[in-house]
Amino acid sequence: MEIKVLNDAKELKTEVLVINKFEGEKTSNELANKFAVEKDKFEGKFGQTYLLQTLGQDNADKILIVGFGKKDEFNAPKMTEAVAKSVKKLQQIHAKKACFDFDVMCDYGKSAAIGAYIADYAFDKYKSEKSTKVDEITFTKFSKAEVEEGIIYGEAMKLTRDLANEPAAYATPTKLAEVAQNIEGITTEVFDKDEIERMNMGAYLAVAKGSIQPPKFIHMKYTGKNPKKRIAIIGKGLCFDSGGMDLKPASSMLTMRDDMSGAACVLGVMSALAKLQPELEVHGIIAACENMPGNGAYKPGDILTAKNGKTIEVDNTDAEGRLTLADAICYASELGVNEIIDIATLTGACMVALGTSVSGIMGNDEDMIANIIRTAKNSGEKFWELPLYPEYKDSLKSDIADMKNTGSRYGGASAAGVFLKEFVSGNAKWAHIDIAGTAFLEKPQKEFISGATGVGVRTLLNYLK
Ligand code: BES
Ligand code: MN
Ligand code: ZN
């Protein structure tokens, strides 16, 4: 889909004109007011749509009215959702060209373009029959700059969603490294197994041992002008999580190609930074590998030594994400960055607690967490804080090592959080985002089709900006 901006659209001939209606107000179009509002009592509740055939009485063949709800409740995330909804409707009626002429009080160009991208997304490269797409949309009321920024975000989300949707046989650690190396405007270093060994990443390496896919430790770096802060973003990069020797049941394994959604998010974010030029130094870090029960696999009862020297008794090989993240967090801490944010499909417990539309967040700095939660809200994503009380550490006590990698059946998301905290050092502020429930949908939800959502991309990009 091509997205255009045209600020004078008075005489524009188009297939479908898309306009908005706030509850209790008229639309900007006479014909729409006469037939949809007065005659058919179309209210314009948020997300409602109404399609009007103009039969030659307007420059457009059809008018699509989208409900914006109450005017004082309208905001940027709602613009994203409303545009996504409209594009879905356009796909349904097989429209090829549309002009969005919204009557709104601010420049919502960025949010609108993001909405168009979300709705336009399909993962149909393996299907003979492709999904129906709109060829071209034109926005009239927004600035080019805002729309262009939205397009950068949209492209980043698309990269993230594609990588997470790809089968594990395609999106291997080696492939992720290759994608990282091809991102323009950043530098990328990739460390192989021998180098990972030399860096003493014993926890991460243990997880990788059961697979024939070699692990790749990926370190990307974006350097903006006059960097005001140095930030590391770490993505969990389990290209497939079978559970390892503690093998998952078949039904739980079915979607475990998505266990690199955190890594895919970091790649998406890094791909956009050179275009957005924030005044920051951003490190993108991925400890990519597979968790498989092959011959060399690590076993329950093994004792691993992480990069910072702490020892871990393996209680369950399916709690592998925190082992790979432990070494990645040590590595990021050694860089001496001001802030570390990790994003990971880490625990089924987080999904049980918060569901599929809310991600969990925890960390060691209240202000940073509050800031990220607020940013998420303005970005159209929902984050909720989970606690990291020291009590959660009790369940990780080991008789033979510094800690175990899992503990009690309860409070699993927080237990994983306190485990990760053990590997943050120096003065770094740290936040951990658990996207186990939100990264990958088994069925469509709101503006998202089933599969990968690209969660985290919008929030992290806005946070970094
Ligand atoms: N990748 C999973 C978590 C997950 C579950 C992500 C469901 C997406 C959907 C993680 O590696 C895992 O297996 N966690 C275990 C931890 C347990 C063994 C303590 C879990 O949540 O069951
Ligand atoms: Mn697992
Ligand atoms: Zn996992």
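In this predicted model, L176 is in contact with L163, I218, C239, M260, A263, L267 and A288, leaving aside neighbours within four places in sequence. L176 also belongs to the largest nonpolar core, which has 58 residues. Along with M220, M260, L267, V269, M270 and L461, L176 touches the most other members of that core. Which helix gives the most to this core? Helix α9, spanning residues 261-276, does so, with 10 residues. There is also a second, separate core of 51 residues, and A208, A328, I329 and I340 are among its members.

Now let's turn to the metals. The manganese ion (ligand 2) has protein donors from D241, D318 and E320, at 2.1 to 2.2 Å. D318 contributes both its O and an OD atom, while D241 gives OD and E320 gives OE. Along the chain, the donors follow the spacing D-x76-D-x1-E. Why is the arrangement called irregular? The 6 donor atoms around the manganese ion subtend angles of 70 to 167 degrees, so the arrangement counts as irregular. For six octahedral donors, the ideal angles would be 90 or 180 degrees.

A zinc ion (ligand 3) lies 3.2 Å from the manganese ion (ligand 2), and D241 coordinates both. The pair links distant parts of the chain: D241 sits in strand β9 (residues 230-241), while E320 is in the loop between β12 (311-313) and α10 (321-334), 79 residues apart.

Are these two residues, D241 and E320, buried or exposed? Both count as buried because of their low relative accessibility, under the 20% cut-off.

| Residue | Relative accessibility |
|---|---|
| D241 | 3%, buried |
| E320 | 1%, buried |

Terms used. Residues are numbered from 1 along each chain as its sequence is written. Chains are lettered from A and ligands numbered from 1 in the order in which they are written. This is a predicted model: local features need pLDDT of at least 70, side-chain atom pairs count only at pLDDT 80 or more; totals for chains, interfaces and linings use all residues. Side-chain values use heavy atoms; hydrogens and water are left out. Donors are N, O and S atoms within 2.8 Å of the metal (3.2 Å for Na, K and Ca); water is not among the atoms, so sites may look incomplete. Four donors count as tetrahedral if all angles lie between 85 and 135 degrees; four count as square planar and six as octahedral if opposite donors are over 155 degrees apart and all others between 65 and 115; anything else is irregular. Helices (H or I, at least four residues) and strands (E, at least two) are DSSP runs, numbered from the N terminus. Buried means under 20% relative accessible area, exposed over 50%, partly exposed in between (1.4 Å probe, protein chains only). A nonpolar core is a set of buried Ala, Val, Leu, Ile, Met, Phe, Trp, Tyr and Cys residues joined through side-chain atoms within 4.5 Å. Contact means heavy atoms within 4.5 Å.
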